[in-house]
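User: I am a first-year student, and I would like a close look at the pockets of this protein, with some help in connecting them to the parts of the chain around them. Please take your time and explain each step.

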Amino acid sequence: MSGTVPGIADDGGITVRHMSNEQNIIELKPERKYLLLPVQDNAPEGRIFMVQDNAASVPGINIRLARERVDYYVPLDVSDFIGRLLQIDVQAVPASSVCWSVLKCSDEFSMDISPAPVYHHTPPYGWMNDPNGMFYKDGTYHLYYQFNPYGCTWGNMHWGHSTSEDLVHWKHEGTALAPDSWGYIFSGSAVLDKENTAGFGENAVVAVYTSSKPTLWTDCQTQSIACSLDGGKTFDKYEGNPVLTSDLRDFRDPKVFWYAPGGHWVMILAAGQEMQIYSSSDLKSWKFESSFGQSQGAHGGVWECPDLVELEVEGTGERKWVLICNLNPGGPFGGSATQYFVGSFDGKKFINESPTVTKWMDWGKDNYASVTWSNAPDGRCIAIGWMSNWQYQNQLPVRGYRGANTIARELGLYERDGEVYLKSAPVSEMYAARERFSSVGPVKVSGMDWKLDFTLPENGAFEVEMSIRNNGAEKIGIVFCNGSGENVSMYYDIARGQFVMDRTESGNVDFSQDFPAVTVAPAETEGTLSLRIFFDRTSAEVFGNGGEFVMTNLLFPSEPYSGMGFFADRGSFTVTSAEIYVIK
C-alpha cells in the first residue's frame with residue numbers, strides 16, 4: 001500500500017509506503033526546513049531512521065507517532081536534504097495510524113507549553129532532565145541539559161543549550177550535541193582548557209559526556225569528549241572517542257575539573273552504587289585513582305550525577321571538599337534526591353569525615369541531578385538542579401513539555417553542633433530580578449486564628465521573604481490558597497525542630513500515587529526565623545535561615561494561589577515582616 005498524502009506540503013507531496021510487520025517508508029524531496037511529526041504521548045514507541053543513498057542515520061529516533069489522536073507536533077530537521085530524495089524508515093507503527101494523514105512540512109516551528117513557569121529554566125518544548133556541561137565564559141552562563149526533541153517523554157538524549165547573563169533569564173540556543181554511532185548523549189560536564197592540555201586550542205571548551213549505545217542486551221555506557229572553539233555554540237566530537245570504557249553496566253555522568261595542586265584534570269563519575277575518580281593530563285587518557293561509596297550514605301538506588309567542589313566553612317576560614325551524589329530511588333520521601341558528603345580530597349581520593357551521617361541537599365521531593373558551574377566568576381560555587389522526581393516525571397500534567405530546573409543556588413558550608421553542613425541560598429541575582437508587590441506586618445497570630453487577607457500576584461510567579469518571631473507557639477503555619485479551595489501549607493513544628501510542607505491538597509495530585517506528599521526538613525526553630533519562598537506557577541522552593549535548609553516541591557493548582565495566610569497551634573507568633581515580590 002502506498003500513496004501521496006494530499007494537501008500538506010508545497011514541495012510536491014509526501015509519499016508513504018506501508019509494508020508488512022508495521023514497516024513503513026516516508027519519501028519526500030523537502031523544500032522546507034522541517035518535517036513536522038505528529039505525536040501521541042501514550043502511544044507505543046516506534047522507531048525512525050533517516051535514509052539517504054541507502055545509508056541510515058544512527059542510532060535512530062524513538063518516537064510515539066500518533067495512532068488515534070495528535071497531541072502535538074515535533075520538528076524533524078530535514079534541511080540537509082533539501083532538493084534531494086529523503087527516505088525515512090519507520091518501524092513498529094501500524095498502517096492504520098492517524099499519523100500518516102497529518103504529516104506536515106514547514107520552515108518554522110514553535111510550541112505553546114503550558115502551564116509554563118515564568119522565571120524557571122525550561123526547554124522550548126519536549127522533554128528535559130539533568131542539567132549538563134555548565135560553564136561560565138565572557139559574561140555568559142552556559143547551561144546544557146538532557147533533551148528529547150521528539151517528544152515529552154524520556155528518550156533520544158541530546159544536549160539542549162541555553163545561555164544567560166544573570167542566571168534568571170534564559171535564551172534557548174538550540175541543540176549542542178546529537179546522538180552518533182557511539183549512542184545517545186547522556187549527562188556530563190564541560191571545562192575551559194585554558195592551557196590547551198588537550199591540543200584543541202587555548203581556551204577551548206571541552207565537553208565530557210556519557211555515550212550510551214543500545215545493544216541487544218542493554219545500554220553500553222562509555223565516556224566521550226567534544227571540543228568547541230566558538231565558546232560553546234557548536235562542538236566537534238573527538239575522533240578517538242570513547243576516551244574511557246568499563247565493563248560496568250552503570251558507568252556515567254562524568255564531572256571534570258582542574259586540580260591545581262596536582263596540575264591535572266580530575267574526573268568523578270557514577271559507577272553503580274559508588275563514585276569512581278580518575279586523573280588525566282590531557283582530557284583524553286584517564287587513569288583510575290580511587291572509588292568512594294561503600295558503607296557511605298544512602299544506597300536505596302543507583303548513584304548518579306556526581307560533583308566534587310571545595311568550599312569555605314562559614315566564619316572559620318577553613319576549606320573542605322563536598323562530594324555531591326544524586327540517588328534514584330532512595331530519597332527521604334521516595335524516588336530521586338540529592339545527598340552529599342563533606343570531607344577532604346588530595347586530587348586522587350575523597351575521604352568522608354562523617355561516614356555514619358546521611359546528609360540531604362534538599363528536603364523536598366523535586367530537586368535532582370544537582371551540579372555546579374565550571375569557571376564561575378569571583379570564586380562562586382553555583383548549582384542548579386532538575387526540578388522533578390523520577391517517580392512521576394513522565395506523568396506530569398503539563399502540555400508541550402516536561403521538565404524545569406530549580407533557580408540557581410549559591411553553595412557554602414556552615415557548622416552546627418560539631419557537624420559541617422551544606423548551605424544553599426538563592427543566587428544574589430534574584431534580588432535584581434524582583435520588584436516589590438506589597439508588604440505585610442507586623443502580624444500577630446494567636447491560637448488557631450487564621451489571617452487570610454493577604455493578596456498575591458495574579459500570575460502565580462512571586463517571592464515571599466519573611467521574618468518570624470515565636471512567642472510560644474507550638475506550630476507556626478503559613479498557607480497559600482486559591483479560589484478553588486486548593487492550598488499548600490507550610491509550618492514549623494517547634495517541638496520536633498522541623499519545617500514541613502504539605503501539598504496533598506495543592507491542586508492536581510491524582511496523576512500519580514507518589515505525588516501527594518508531606519515533606520519534612522530539620523530546621524532551627526529558636527530566635528528569629530527567616531524564610532524566602534519562591535512560587536512559579538507549578539513549583540515552590542523554600543529557603544530557610546539563609547539556606548540552612550531547602551525544600552523544593554512541584555505543585556499543580558488549577559488556578560494560581562491568590563491568598564496567603566498564617567495560623568498558630570497554641571501560643572502565638574509574630575510575623576515581624578513579610579515582603580511580597582513579583583519576579584520580573
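Analyst: What follows begins with the largest pocket, then turns to the second one, and ends with a sheet, the salt bridges and the cysteines. Please keep in mind that this is a predicted model, and that the values below were computed from it.

The largest pocket holds about 940 Å³ of space. Its lining is made up of 36 residues, and those that lie nearest its centre are F257, W258, W373, S374 and N375. Several strands give two or more residues each to this lining, namely strand 15, strand 19 (252-259), strand 23 (302-312), strand 24 (319-328), strand 31 (409-416) and strand 32 (419-426). Strand 23 supplies the largest share, six residues. If you sort the lining of the largest pocket by the character of its residues, you find 19 that are nonpolar, five that are polar and twelve that are charged.

The second largest pocket encloses about 700 Å³. It is lined by 29 residues, and P75, L76, D77, Y150 and H158 are the closest to its centre. Two elements, strand 5 (46-52) and strand 8 (72-77), give two or more residues to the lining of this second pocket, and strand 8 gives the most, with three residues. Here the lining divides into 18 nonpolar, eight polar and three charged residues.

Strand 15, which was named above for the largest pocket, also belongs to an open sheet of four strands, whose order is 15-16-17-18 and whose pairing is antiparallel. Strand 15 (184-193) and strand 18 (236-237) form the edges of this sheet, since each of them pairs on one side only. Within the sheet, strand 16 (residues 204-214) and strand 17 (residues 219-228) are joined in the antiparallel sense over ten bridges, and S212 stands opposite Q221 in strand 17. As a general point, the strands of a sheet pair through backbone hydrogen bonds, in either a parallel or an antiparallel way.

The next topic is charge. In general, side chains of opposite charge can pair when their charged atoms come close. The count for this structure comes to 28 salt bridges. One of them is between the side chains of R319 and E310, with a distance of 3.7 Å from N to O. R319 counts as partly exposed because its relative accessibility is 44%, and E310 is also partly exposed, with a relative accessible area of 35%. Another salt bridge joins E463 and R434, whose closest N and O atoms are 2.9 Å apart. This pair links distant parts of the chain, for E463 is in strand 36 (residues 461-470) and R434 is in strand 33 (residues 434-440), 29 residues apart. E463 counts as buried, at 0% relative accessibility, and R434 is buried with a relative accessible area of 14%. R434 and E463 are also part of a network of salt bridges that links them with E465 and R532.

Finally, consider the cysteines: the structure holds zero disulfides. The sulfur of C152 has its closest cysteine sulfur in C99, 17 Å away, so this distance is too far for a bond. In the case of C305, the closest cysteine sulfur is in C325 at 9.6 Å, which is likewise too far for a bond. C152 counts as buried at 1% relative accessibility, and C305 counts as buried at 4%.

Notes: Residues are numbered from 1 along each chain as its sequence is written. This is a predicted model: local features need pLDDT of at least 70, side-chain atom pairs count only at pLDDT 80 or more; totals for chains, interfaces and linings use all residues. Side-chain values use heavy atoms; hydrogens and water are left out. Two strands pair if DSSP finds at least two bridges between them. On a 1 Å grid over the protein atoms alone, a cavity is a set of points where a 1.4 Å probe fits but cannot get out, and a pocket is an open set with protein on both sides within 12 Å along at least five of seven lines; lining residues have an atom within 4 Å of a point. Grid points are joined across faces, edges and corners, and a volume is the space filled by probe spheres set on the points. Ala, Val, Leu, Ile, Met, Phe, Trp, Tyr, Cys and Pro count as nonpolar, Asp, Glu, Lys and Arg as charged, and the others, Gly among them, as polar. A disulfide is a pair of cysteine sulfur atoms within 2.5 Å. Buried means under 20% relative accessible area, exposed over 50%, partly exposed in between (1.4 Å probe, protein chains only). A salt bridge is a side-chain nitrogen of Lys or Arg within 4 Å of a carboxyl oxygen of Asp or Glu.
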